[in-house]
Amino acid sequence: MDHTFTAKIRQWLDTAPEERNLEEGALMVLQLNGNRIMYANIMRNPAKFAANIEYELRKFHDFRVRDLTHEQVVAMQKKVDEIEEKHNLSERETPEDPVSAPSRLGMRPDHDSLPDELKAIPEKNRDIMRRMQQLQLRLRTLTLTDHPCPDSERFPFLKEIIALDKEYGDNWERYDTYGR
């Protein structure tokens with residue numbers, strides 16, 4: 001699918017109705033549906049068919065955007081699968097007491113001498129990891145084969161897991177590189 005053509009349709013639809021180039025819109029409709037008779041009728045009096053042009057372009061735009069969103073969700077799902085494997089989200093156990101297991105959380109030997117903002121990072125990352133686990137479990141229930149789930153329901157969970165993974169990595173990067 002030509003995403004630039006989809007963007008061109010969107011631009012035409014976003015233009016104020018009185019400023020639209022109806023001939024250009026009619027040509028895009030012809031490119032989308034191949035109906036030369038409809039195109040010939042529109043070109044006889046484009047102003048009369050302005051609503052029809054808009055309807056046809058909106059209809060095709062919505063189909064194309066839905067496909068684009070599906071492509072995005074598929075790509076995001078691949079990334080979330082990598083994150084899940086990297087962090088072992090499905091089997092991960094976090095200790096209840098971070099002080100009792102500092103090496104497991106990756107705390108530095110000089111942790112107690114760090115600024116309070118940096119001392120809080122291991123605990124914050126533990127909360128982020130818990131949230132990622134919750135989202136992953138919720139996502140898993142949405143993607144069961146018995147219960148097909150539209151992309152629009154999966155998208156927010158995928159997006160949040162990806163954002164949390166980035167925050168998690170950025171937090172550890174700040175923690176690990178402080179004072180070096």
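**Exercise 1. Describe the surroundings of N125.**

Solution. Leaving aside its neighbours within four places in sequence, N125 is in contact with Y168, N171 and W172, where contact means heavy atoms within 4.5 Å. The model in which this is seen is predicted, so that local features need pLDDT of at least 70 and side-chain atom pairs count only at pLDDT 80 or more, while totals for chains, interfaces and linings use all residues. Residues are numbered from 1 along each chain as its sequence is written, and side-chain values use heavy atoms, with hydrogens and water left out.

The next step is to place the residue: N125 lies in helix 7, helices being DSSP runs of H or I with at least four residues, numbered from the N terminus. The last step is accessibility: N125 counts as buried because its relative accessibility is 1%, and buried means under 20% relative accessible area, exposed over 50%, and partly exposed in between, with a 1.4 Å probe and protein chains only.

**Exercise 2. Classify the aromatic pairs of the structure.**

Solution. The structure holds two aromatic pairs. A pair of aromatic rings is described by the distance of the centres and the angle of the planes. Rings of Phe, Tyr and Trp (its six-membered ring) pair if their centres lie within 6.5 Å, and planes under 30 degrees apart count as stacked, over 60 as edge-to-face and the rest as tilted.

Take Y168 and W172 to begin with: their ring centres are 6.4 Å apart and their planes stand at 85 degrees, so the pair is edge-to-face. Y168 and W172 are separated by about one helical turn because they are four residues apart in helix 8, and both Y168 and W172 are buried.

Then take W172 and Y175, whose ring centres are 5.4 Å apart with planes at 80 degrees, so that this pair is edge-to-face. W172 and Y175 are three residues apart in helix 8, and therefore separated by about one helical turn. For accessibility, W172 is buried with a relative accessible area of 14%, and Y175 is buried with a relative accessible area of 0%. Taken together, the ring pairs link Y168, W172 and Y175 into a cluster.

**Exercise 3. Work through the salt bridges of E54 and R58, of K59 and E56, and of K124 and E167.**

Solution. Side chains of opposite charge can pair when their charged atoms come close. The rule applied here is that a side-chain nitrogen of Lys or Arg lies within 4 Å of a carboxyl oxygen of Asp or Glu, and by this rule the count comes to 13 salt bridges.

K124 and E167 form a salt bridge in which the closest N and O atoms are 3.4 Å apart. This pair links distant parts of the chain, since K124 belongs to helix 7 (residues 121-142) and E167 to helix 8 (residues 151-177), 43 residues apart. K124 is partly exposed, with a relative accessible area of 41%, and E167 likewise counts as partly exposed at 29% relative accessibility. Elsewhere, salt bridges that share partners join R20, E54 and R58 into one network.

Within that network, the side chains of E54 and R58 meet at 2.8 Å, N to O. E54 and R58 both lie in helix 4, four residues apart, which is about one turn of the helix. E54 is partly exposed, with a relative accessible area of 24%, and R58 is partly exposed at 32% relative accessibility.

For the remaining pair, the closest N and O atoms of K59 and E56 are 3.3 Å apart. K59 and E56 are three residues apart in helix 4 and so are separated by about one helical turn. K59 counts as partly exposed at 30% relative accessibility, whereas E56 is buried at 12%.

**Exercise 4. Find the contacts of E56.**

Solution. E56 has its place in helix 4 (residues 50-87). Not counting residues up to four places away in sequence, E56 touches V29, N33 and M38.

Conventions: Helices (H or I, at least four residues) and strands (E, at least two) are DSSP runs, numbered from the N terminus.
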